[in-house]
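Work through the exercises below with the coordinates open. Try each task before reading its solution.

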Amino acid sequence: MTRSVNLSQTRKALAQAGVRPAKRLGQNFLHDQNLARWIVQQAQISAEDFVLEIGPGLGALSGEILRRGARLLALEKDARLVDFLREKFSHPKCEIRHCDALDFDRRILFAERNVKVIGNLPYYVASQLLFHFVDFPSPISLGLFMLQDEMARRLSATPQTADYGALTLRLQLHHHVEYLRKIPRTVFVPQPEVASAIVRFTPRDERQIGISDYKFFREIVKHGFSQRRKQLRNLLTADVGDWEDTAKKICAPLTTRAEELSREQWIELANLIAPQDGKSGPDQGPERFPIVDENDQEIGTATRQEVHENNFRHRAVHMLIFNGTGELLLQKRSPWKDRHPLLWDSSAAGHVEANEQYDESAARELEEELGVTTRLRPMGKLPASEKTGQEFITVYRGEHDGPFRYPADEISAVEFFPVAIVERWVANKPEDFAPGFLESWRLFKAKSR
Ligand code: SAM
């Protein structure tokens, strides 16, 4: 199935596929099979992996990926190459899809385990492709990319260097980015104008990142680097009240410029000056909830801590919000939640508070968590059980297309997902979801039959 390739074989393959390499498609084909093997080795691929390859071309990397027993989904924009590849790799674990990788619905990947994205990227869209696949929240466990050397250096740059900039920080915020090796022009047909390099992305542990609002982080970094030579105290005057105090807190000199701050200092700075919406506090609030008996009749009140420590039955609401095309909004719980941090959950959810009916708390939670109001229809009620954390849950559905405004200390992202993807995701990786959502989802499925 897989063969070693060299220059003349690559030329032959191009002739066979009827392809004259097109510059507008960034077509430079790798003809050094030893190098292809080395590149794929850096992704530590095993038979359990699901590999997405961007721009397989003549299959120099694809063959190596399949050889390791992984499932391969390869996205190729050039129809002539698609026909060639389908013939070359007719293999049960391989799918060659004819599409523009930028149009590929990456949400599909959330439903798969051990997702790795690999590509010798077409340079004309390399940065868009990177953002498309690795921007937060990303489903990938590893990314391995061949890029122009200059870009690879920017992505993996360290502070106080000319390569270090807003792009570096945007991508390094959620990933370790390693520059693995420079690749000479001579290993390609045709030879590109500049040298290339291989970079590897591995996601950071979200609990260690420590950013409270990543969208704000991106904005402030972009602003800070908009005039590289300018000192931040002059550039960020509108954002930072007391620069002297702020500089001290982030251990930076008063005269610091954007490129002098490390990733950690930028995170600290963003956290210090991020606008607070003042609506939500950390999870361990002092609120008291009604506690109830096995028939959901109120028998008293208790604090959040007491409720959870003693496994008291109590009440909650879960809202499933759909957009105009029937996709379901899911929220990713922030790393600071005391319960189920980092897991995906219903669009909005929360406890019924004292002196509140289910319907009232549903409307309140929707407004507090997503910043919207809409008609909510109850779909049914789940009994309190171990599966629901002893919550009686009334599940609602509603429609809204967003935009949504959510408290960054409680929710780190929200995203719409087609119902078919959620179904596959829940079946394949239930551990990605908060248990209350899984029960609410089952109720939704039962009601939509
Ligand atoms: N992986 C092959 C190799 O290493 O020899 C080919 C790499 S070549 C630099 C880039 C490949 O991406 C080409 O096959 C090109 O047709 C394909 N391509 C270009 N733009 C694309 C896009 N937007 N979506 C998917 N594939 C694309």
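The exercises use a predicted model and go from the whole chain to single contacts.

**Exercise 1. The whole chain**

Task: State how many helices and strands the chain has, and what share of its residues is buried.

Solution.
- Step 1. Count the elements: the secondary structure comes to 16 helices and 18 strands.
- Step 2. Take the burial: 53% of the 449 residues count as buried.
- Step 3. Add the extent. Along the principal axes, the C-alpha atoms fill a box of roughly 80 × 60 × 35 Å.
- Step 4. Look at the contacts with a separation of 6 or more. Residues 24 or more positions apart account for 66% of them.

**Exercise 2. The sheet**

Task: Give the strand order of the open sheet of 7 strands and find which strands are at its edges.

Solution.
- Step 1. Read the order: β4-β3-β2-β5-β6-β9-β7, with mixed pairing.
- Step 2. Look for strands that pair on one side only. These edge strands are β4 and β7 (175-183).
- Step 3. Follow the twist, which averages 20° from one strand to the next.
- Step 4. Check the pair β2 and β3. The two run parallel and are joined by 5 bridges. Within β3, A74 is the bridge partner of E53.
- Step 5. Do likewise for β5 (residues 115-120) and β6. They run parallel, with 5 bridges between them. L144 in β6 is the bridge partner of I118.
- Step 6. Test the cover of β6 (residues 142-148). Of its 7 residues, 6 are buried, so the strand is mostly covered.

**Exercise 3. Helices on the sheet**

Task: Find which strands α4 touches and which strands α5 lies across.

Solution.
- Step 1. Start with α4 (residues 79-88). This helix packs on the sheet and touches β3 and β4. Its direction makes about 165° with that of β4.
- Step 2. Move to α5 (residues 126-134). This helix lies across β2, β3, β5, β6, β7 and β9 (196-203). It runs at about 170° to β6.
- Step 3. Zoom in on A126, which sits in α5. Its relative accessible area is 3%; the cut-off for buried is under 20%. Therefore A126 is buried.
- Step 4. List the contacts of A126, leaving aside neighbours within four places in sequence: L121, L147 and M151.

**Exercise 4. An enclosed helix**

Task: Explain why α3 (residues 60-67) is described as largely enclosed by the rest of the structure.

Solution.
- Step 1. Count: 7 of the 8 residues of α3 are buried, so the rest of the structure largely encloses this helix.
- Step 2. Name the buried residues: A60, L61, S62, G63, E64, I65 and L66.
- Step 3. Find the cover. It includes β1 (29-30), α2 (33-41), β2 (50-54), β3 (71-76), β4 (94-98) and β5.
- Step 4. Inspect the backbone just after α3. There, G69 takes a positive phi of about 85°.

**Exercise 5. A helix pair**

Task: Classify the crossing of α15 and α16 by angle and by hand.

Solution.
- Step 1. Take the geometry. The axes of α15 (residues 419-428) and α16 (residues 435-447) come within 12 Å and cross at roughly 125°.
- Step 2. Apply the class: that angle makes α15 oblique to α16.
- Step 3. Assign the hand. The crossing is left-handed.
- Step 4. List the contact residues. V419, V422, E423 and V426 in α15 meet F437, L438, W441 and K445 in α16.
- Step 5. Sort them: 6 are nonpolar, none polar and 2 charged.

Key. Residues are numbered from 1 along each chain as its sequence is written. This is a predicted model: local features need pLDDT of at least 70, side-chain atom pairs count only at pLDDT 80 or more; totals for chains, interfaces and linings use all residues. Side-chain values use heavy atoms; hydrogens and water are left out. Axes are lines fitted to C-alpha atoms, for helices over the stretch in contact, and angles run from 0 to 180 degrees between N-to-C directions. Helices (H or I, at least four residues) and strands (E, at least two) are DSSP runs, numbered from the N terminus. Angles under 35 degrees count as roughly parallel, over 145 as roughly antiparallel, 65 to 115 as roughly perpendicular and the rest as oblique. A crossing is left-handed if the near helix is turned anticlockwise from the far one by less than a right angle, and right-handed if clockwise. Contact means heavy atoms within 4.5 Å. Ala, Val, Leu, Ile, Met, Phe, Trp, Tyr, Cys and Pro count as nonpolar, Asp, Glu, Lys and Arg as charged, and the others, Gly among them, as polar. Buried means under 20% relative accessible area, exposed over 50%, partly exposed in between (1.4 Å probe, protein chains only). Two strands pair if DSSP finds at least two bridges between them.
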